[in-house]
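Hi there,

Here is the structure I promised to pass on to you. Have a look at it first, and my notes follow underneath.

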Amino acid sequence: MRPASTHDAIVIGAGPAGTSAALALARRGWTVAIVEKSVFPRRKVCGEYISASNLALLERLEVLDAWRAEAGPEIRRVGFFSGDIGVEAPMPRAKSVPAAGDGFGRALGRDILDSLLLDAARSAGAEVFQPCRAIAIERDGACQAVRIQAGAASSRDEATILRAPVIVAAHGSWEAGPLPTQLEKNVRPSDLLGFKAHFSGSTLPPDLMPLLTFPGGYGGMVLADHGRMSISCCIRRDVLARLRGSLTREHGGQVSAAETVEHHLRATCRGAREALEQANLDGPWLAAGPIRPGIRSGYDGDIFRVGNIAGESHPIIAEGISMALQSGWLLALELGAAASGQARREAVGRRYEAGWRELFSTRILAAEAIARIAIGPGGGPMLRAVFGNFPQALTLGARLSGKTRAAPGFG
Ligand SMILES: Cc1cc2nc3c(=O)[nH]c(=O)nc-3n(C[C@H](O)[C@H](O)[C@H](O)COP(=O)(O)OP(=O)(O)OC[C@H]3O[C@@H](n4cnc5c(N)ncnc54)[C@H](O)[C@@H]3O)c2cc1C
């Protein structure tokens, strides 16, 4: 006889996509396991800005009060810093928000946000396996078996097996691995590597979130919680290697990738240089990637995918957390009350994928277009001409990127 399922659903990864799916399913009475490889709180490469379009969803997930209490100031202006220019325009106000004062997004460190969401999922009844890495997913009769390995355990024999009819891959897209849902590792000169740091004492205006462009990449700055300014960026692998080589020769000793990035930002972008002038690094620079923008599958091989692994936008539009939270929620809505039968899961998978594309395709394509221009030859001068002459294009870009679009079920 085959062993029975241990849970109704197993969610792999406790980023915003995994926790929103787990939380929503647990509140519907599902028995849910969440498998997360890292110990929380943990910092993460991310700009940490969350659009106001998510606040109704955070309220439904019962974490809005905690989010409001922790998050940084309202972001009422969107900016553009590139070379020597700095322009700004109003951030569009989101509609369908829980309260009149909730029209603007704010930033919250991922160390705080992800812990807050995971704690809420645990309180809703989800069983949390952490630190535990999912290392295999195999079909097992009507269920799938997820092999998980705790902490630093290295032998396959020490792994625990969880079984459920519904498997949700929410492990992000930046790490290769043995799971059928993980992406292959490919190294290309044009890869975009992600970097992020917090600084205290920055002079960046508290209500302004500027997009940064610089040779070889783009980024953003925003004031998050507890006076921490979050600066994050993506830079081409080949550009970074070249800059690092010349800085190392100049200094007569090895210079780290992060030091190179910070030096490049300060040297090529006046707005970033001024915001960092009196600021102090708060914790180390973090690196991740390469990022893997694109639209992938939401359901494949009887496994559901949410967040970055279903599809990822260039972070130039700062919408990845929105897409993660909302896709987890959308999947939970589609899964509904029961988990039975592969035919039923396939129907759910098709509906989920269609809903996902309707919600997110436009912003992924818009982000791709802006990112290509920003990184491509002559992109910096072109964007400086456009935004310098028509700052309103920044407001329009924020709208196109989904910042005012309600989460599914809240329109
Ligand atoms: C430079 C940069 C700046 C950004 N800025 C913003 C921004 O300002 N606003 C915004 O909305 N988005 C931003 N993003 C995008 C955002 O960070 C991502 O889209 C978001 O984190 C995706 O969430 P997720 O839940 O899908 O995956 P993740 O947040 O990556 O979470 C995945 C989780 O799965 C765990 N995991 C992985 N593998 C396993 C395994 N095998 N077993 C168990 N656990 C596993 C990981 O430890 C992690 O906790 C930015 C991205 C970059 C690169």
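**Notes on the ligand site, the core and the backbone**

An oxygen atom of the ligand sits 3.4 Å from a polar backbone atom of proline 16. Please keep in mind throughout that this is a predicted model. Two further backbone contacts are worth a look: a backbone N or O atom of glycine 47 is 2.6 Å from a nitrogen atom of the ligand, and a polar backbone atom of isoleucine 321 is 2.7 Å from an oxygen atom of the ligand. On its own the ligand would expose 1000 Å², and the protein buries 96% of that. Two or more residues of the shell come from each of α1 (16–27), β8 (132–140), β15 (228–236) and α8, with α8 giving the largest share, four residues.

In total, 38 residues surround the ligand, and the closest are Glu36, Gly47, Arg110, Asn308 and Ile321. By type, the shell divides into 19 nonpolar, 11 polar and eight charged residues.

Next, the core. In soluble globular proteins, nonpolar side chains tend to be buried together. Here the largest nonpolar core has 59 residues, and Val32, Ile34, Trp67, Leu335 and Trp356 have the most contacts inside it. Helix α8 (residues 320–335) gives the most to this core, with nine residues. If you centre your view on valine 32, you will find contacts beyond its sequence neighbours with, among them, His7, Val11, Leu25 and Ala126.

Which residues does alanine 121 touch, leaving aside its neighbours within four places in sequence? They are Thr19, Leu23, Ile34 and Ala126. Alanine 121 belongs to helix α4 (residues 110–123), and it counts as buried because its relative accessibility is 0%. Its C-alpha atom is 9.7 Å from that of glycine 18, although the two residues are 103 apart along the chain.

Finally, some backbone details to check:

- Glutamine 130 and proline 131 are joined by a cis peptide bond, with omega about -5°; proline 131 is in the loop between β7 (127–129) and β8.
- Another cis peptide bond runs from glycine 289 to proline 290, with omega near 10°; proline 290 is in the loop between β17 (286–288) and β18 (294–295).
- Serine 96 has a positive phi, near 50°, in the loop between β5 (85–90) and β6 (106–107); at 35% relative accessibility it is partly exposed.
- Alanine 318 also has a positive phi, about 50°, without being a glycine. Alanine 318 lies in the loop between β21 (311–312) and α8 and is partly exposed at 26%.

Best wishes

How values were computed
Residues numbered from 1 in each chain as written. Predicted model: local features only at pLDDT ≥ 70, side-chain atom pairs only at ≥ 80, totals over all residues. Heavy atoms only, no water. Core = buried A, V, L, I, M, F, W, Y, C linked by side-chain atoms within 4.5 Å. Buried < 20%, exposed > 50% of the residue type's maximum accessible area, 1.4 Å probe, protein only. Contact = heavy atoms within 4.5 Å. Near = heavy atom within 4 Å. Polar contact = N/O pair within 3.5 Å; in protein donor to acceptor, adjacent residues only side chain to side chain. Areas by Shrake-Rupley, 256 points an atom, 1.4 Å probe, with all protein chains shown as cover. Nonpolar A, V, L, I, M, F, W, Y, C, P; charged D, E, K, R; others polar.
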